[in-house]
Amino acid sequence: MSTAHNHAEKGEIAKVVLMPGDPLRAKYIAETYLEDPVQFNAVRNMFGYTGTYKGKRISVMGSGMGMASIGIYSYELFKFYDVEAIIRIGSAGAYVDDLHLFDLVLADSAWSESTFPYAQAGVKEDIMRPSAQLNATIKEAASTLKKEIRCARIHSSDVFYAEKNMPTYEDFYREHGCVCVEMESFALFHNAHILGKHAACLLTISDSLVSDVHASAEERQTSFANMMEVALEAASMEA
């Protein structure tokens, strides 16, 4: 069966899916790392591919930006395509000065002002957590590949541009312990929780709100090799 957002038939998507925000990053991962990748989706140019990595069947698909977008795609993958685990691989902005460009952060929780869980299922929580099992696998993969990762709370924001009278990154770190910001994981973790599935979020620091440094658009698309390799290793261990 297909959905309004995904033309894949059941069985065309693997049990474990890597989910970058950018569909072009999904295309890059499939073409660079997967053997015999087959495209299963191009609806709205939200590219999805299934191939093999170290002999294990793995899929990669874009999520788009924001909780509404990943909320749709992750829900459909979990609910209608029998996906068991989604590893979000994305970019993030650092809130602390000891996180630098291209450092890796594994979310141990996501705090948000978002009402996504309440609107979706009546859940009144501002902290969502990933799968402990999947996080443990990602840590093991990072250790195997000798890649350093920092486990910490992240901020999942509904907005990219906030007015000057709103709380700042210093407030989010001081009041909630968030070391960096992205825009999707809170919704992903919620969907996994209500559907009895597994989800995790591995991030690459692409910007620093502290030092005002930024990765280029091309670097965001193609230069997150450490994150991609750790996520692929973890996916192959879970598959």
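How many of the eleven residues of helix α6 are buried? Let me start there. It's eight, so α6, residues 185-195, is mostly covered, with buried meaning under 20% relative accessible area. One thing to keep in mind as we go: this is a predicted model.

Okay, so which ones in α6 are buried? Ser-185, Phe-186, Ala-187, Leu-188, Phe-189, His-190, Asn-191 and Ala-192. Just after the helix you get to Gly-196, and that glycine takes a positive phi of about 70 degrees.

Next up, the pocket. The largest pocket holds about 1,000 Å³ of space. Its lining takes in 38 residues, and those nearest the centre are Val-159, Phe-160, Tyr-161, Val-181 and Met-183. If you want to know which elements give two or more residues to that lining, they are β5 (85-94), α5 (169-176), β9 (180-182), β10 (198-208) and α7 (217-222). β5 has the largest share, with five residues.

Now the aromatics. The count here is six aromatic pairs. Take Tyr-75 and Phe-80: their ring centres sit 6.4 Å apart, and the planes are at 70 degrees, so that pair is edge-to-face, since anything over 60 goes in that class. Tyr-75 comes out partly exposed at 24% relative accessibility, and Phe-80 is partly exposed too, at 29%.

Then there's Phe-160 with Tyr-161, which we just met in the pocket. Here the ring centres are 4.8 Å apart and the planes are at 75 degrees, so this pair is edge-to-face as well. Are these two buried or exposed? Phe-160 has 63% relative accessibility, so Phe-160 counts as exposed. Tyr-161 is also exposed, at 71%. So we have two residues that lie nearest the centre of the largest pocket and still count as exposed, because the cut-off for that is over 50%. And one more item on the aromatic side: Tyr-95, Trp-111, Tyr-169 and Phe-172 form one cluster.

Let's move to Asn-6, up in the segment before β1 (16-20). What is its relative accessible area? Just 1%, so Asn-6 is buried. The Asn-6 side chain reaches the backbone nitrogen of Ala-8 at 3.0 Å. Leaving out residues up to four places away in sequence, Asn-6 touches Ile-13, Phe-40, Asn-41, Val-43, Met-61, Glu-76, Leu-77 and Tyr-81.

Two of those contacts, Phe-40 and Asn-41, bring us to strand β2, residues 35-41. β2 runs antiparallel to β3, residues 48-53, and four bridges join them. Val-38 is opposite Thr-50 of β3. The two strands make a hairpin with six residues between them, and in that turn Arg-44 has a positive phi of about 55 degrees.

Last stop is Gly-64, in the loop between β4 (56-61) and α2 (67-80). With 10% relative accessibility, Gly-64 counts as buried. Gly-64 and Met-46 are 18 residues apart in sequence, yet their C-alpha atoms are 7.4 Å apart in space. Met-46 is also one of the residues that Gly-64 touches, along with Gly-21, Ser-69 and Glu-184, again not counting residues up to four places away in sequence.

To loop back to the opening question, that's eight of eleven buried in α6, in a predicted model. Okay, over to you.

Key. Residues numbered from 1 in each chain as written. Predicted model: local features only at pLDDT ≥ 70, side-chain atom pairs only at ≥ 80, totals over all residues. Heavy atoms only, no water. Phe/Tyr/Trp six-rings, centres within 6.5 Å; stacked < 30°, edge-to-face > 60°. Buried < 20%, exposed > 50% of the residue type's maximum accessible area, 1.4 Å probe, protein only. Polar contact = N/O pair within 3.5 Å; in protein donor to acceptor, adjacent residues only side chain to side chain. Contact = heavy atoms within 4.5 Å. Pairing = 2+ DSSP bridges. 1 Å grid on protein atoms, 1.4 Å probe; cavity = no way out; pocket = protein on both sides within 12 Å on 5 of 7 lines; lining within 4 Å. Points joined across faces, edges and corners; volume = space filled by probe spheres on them.
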